[in-house]
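I opened the model to look up how some of its helices pack. I also wanted to know what lines its cavities and one of its pockets.

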Amino acid sequence: MTPRSVESQPFEPPPAPGEAREILPGLRWVRMPLPFPPRHVNLWLLDDGDGWLLVDCGAQTDDAAALWERIFAAALDGRPVTRLLVTHFHPDHVGFAGWMAQRWGGAPLLMTRAEWLQARLLRLDAGEDMIEQQVAWARRAGCAEDYLRFLAGRGPLYVRAVLPLPRQHRRIAAGDSLRIGGRTWTVLTGSGHAPEMACLHCAELGVLIAADQILPRITPHVGVHPTEPDGDPLAEFLSSNARLAALPPETLVLPSHGEPFRGLHRRIAAIAAHHAERLEMLRDACAAPITALDGARRLFPRPLDHRALGAAIAETLAHLNRLLAAGEAVREMRGDGVALYRRAP
């Protein structure tokens with residue numbers, strides 16, 4: 001968690017589940033509960049003339065449909081949802097998109113190509129070989145046998161939180177201009193937290209729908225996962241944030257978690273400083289050879305249960321891979337297949 005570095009929140013308290021709150025004329029805030037941290041996700045309704053464009057759909061949960069029906073009855077002014085825009089593939093954003101498209105008569109789904117493909121892939125990739133890959137990833141990180149058994153027994157998670165997706169989508173990409181309710185919204189993309197996450201910026205309103213790229217209190221998860229073990233997502237994430245720093249500093253940021261805020265430039269700087277500090281901690285730790293698990297215990301000294309350990313290791317690997325790419329650390333393989341990291345000579 002990074003220090004609070006944004007201006008006061010003018011829109012607290014947030015809307016209750018099943019309600020919508022107007023942020024600006026034609027822009028409404030919905031908050032849905034999640035059964036996993038951070039326990040909520042923010043979603044946005046944009047007035048789109050004859051209907052509404054919904055940004056993100058929430059996760060599949062037992063009460064999601066009933067909460068959405070309450071919102072549809074009270075917050076849409078009698079107009080339908082005519083378009084869905086999903087920012088990225090994570091379950092709390094895309095999980096209910098299939099239901100939503102069906103509920104609104106095949107409303108088109110707008111996503112970047114990489115995010116739609118990633119969501120489709122993970123929805124289908126639920127075989128035993130996928131679980132074996134996750135176990136091998138954790139073994140290489142130095143995890144103990146009890147955690148490996150936990151992973152093997154847990155099975156695939158994505159299919160539980162994400163309903164079957166529409167088989168087609170309308171591709172959006174960085175630089176696209178979308179006309180929504182008579183205003184122009186520009187698609188900006190970020191990477192690191194997700195491969196091609198869509199953010200929306202309206203210069204006329206001075207608003208950035210930031211998805212998970214910029215959050216007001218916590219840092220977005222940036223991790224190395226079994227599908228790309230040598231990736232450098234932290235470099236991609238920091239570069240994406242640097243691009244967003246070109247927006248005006250007074251921009252109103254609408255994040256997927258937490259509350260709307262101003263102070264975009266200060267928040268970007270605080271997030272960069274946080275990651276610089278984490279990199280320095282691992283540089284110090286690599287004075288002697290360490291495993292990714294050792295590094296995770298250094299970055300996350302509080303006790304971690306099995307559910308949290310995987311995310312901690314993934315974030316640690318993102319920082320270790322950044323050190324490898326910068327030539328500040330080297331990786332060696334131990335005889336038992338565990339990777340060791342040490343400071344470069």
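Entry 1, α6 against α11. I looked up this pair in what is a predicted model. α6 and α11 pack at an angle of about 100 degrees, and their axes lie 10 Å apart. That angle makes α6 roughly perpendicular to α11. I then listed the contact residues. α6 brings Asp146, Tyr147 and Phe150, while α11 brings His306, Arg307, Leu309 and Gly310. By class I noted three nonpolar, two polar and two charged residues in the contact of α6 with α11.

Entry 2, the second largest pocket. I went on to this pocket, whose volume is about 160 Å³. Its lining has Ala144, Asp146, Tyr147, Leu293, Ala296, Arg297, Phe300, Arg302, Pro303, Leu304, His306 and Leu309. I checked which elements give two or more residues to this lining, and they are α6, α10 (292-299) and α11. Which element supplies the largest share of the lining of the second largest pocket? I found α10, with three residues. The classes are eight nonpolar, one polar and three charged for this pocket lining. I compared the residue names with Entry 1. Asp146, Tyr147, His306 and Leu309 line the pocket and also take part in the contact of α6 with α11.

Entry 3, α5 against α6. I followed α6 (residues 145-154) to its packing with α5 (residues 128-140). The angle is about 165 degrees and the axes are 9 Å apart. Angles over 145 degrees count as roughly antiparallel, so α5 and α6 are roughly antiparallel to each other. I noted the crossing of α5 and α6 as right-handed. From α5, I listed Ile131, Gln134, Val135, Ala138 and Arg139. They meet Tyr147, Leu148, Leu151, Ala152 and Arg154 in α6. The contact of α5 with α6 has seven nonpolar residues, one polar and two charged. Tyr147 of α6 turns up in this contact and in the contact with α11.

Entry 4, α8 against α11. How do the axes of α8 and α11 cross? For helix α8 (residues 233-244) and α11, I noted a crossing at roughly 90 degrees, with the axes coming within 7 Å. These two helices are therefore roughly perpendicular to each other. Pro233, Leu234 and Ala235 are the α8 residues, and they meet Ala318, His319 and Arg322 of α11. I counted the classes for the contact of α8 with α11 as four nonpolar, one polar and one charged.

Entry 5, the largest cavity. The structure holds two cavities of 30 Å³ or more. I took the largest, with a volume of about 80 Å³. Trp137, Arg140, Ala141, Val224, Pro229, Ala292, Leu317, Asn321, Arg331, Ala339 and Tyr341 form its lining. I asked which elements supply at least two residues each, and α5, α11 (306-325) and β14 (339-343) do. Eight nonpolar, one polar and two charged residues make up the lining of the largest cavity.

Entry 6, the second largest cavity. I noted about 30 Å³ of space here. Met32, Pro33, Gly58, Ala59, Thr61, Asp63, Ala64 and Leu67 line this second largest cavity. β2 (27-33) and α1 (64-75) are the elements that give two or more residues to its lining. I recorded five nonpolar, two polar and one charged residues for the lining of the second largest cavity.

Note on methods: Residues numbered from 1 in each chain as written. Predicted model: local features only at pLDDT ≥ 70, side-chain atom pairs only at ≥ 80, totals over all residues. Heavy atoms only, no water. Axes fitted to C-alpha atoms, helices over the stretch in contact; angles between N-to-C directions. Parallel < 35°, antiparallel > 145°, perpendicular 65-115°, else oblique. Left-handed = near helix turned anticlockwise from the far one by under 90°. Contact = heavy atoms within 4.5 Å. Nonpolar A, V, L, I, M, F, W, Y, C, P; charged D, E, K, R; others polar. 1 Å grid on protein atoms, 1.4 Å probe; cavity = no way out; pocket = protein on both sides within 12 Å on 5 of 7 lines; lining within 4 Å. Points joined across faces, edges and corners; volume = space filled by probe spheres on them.
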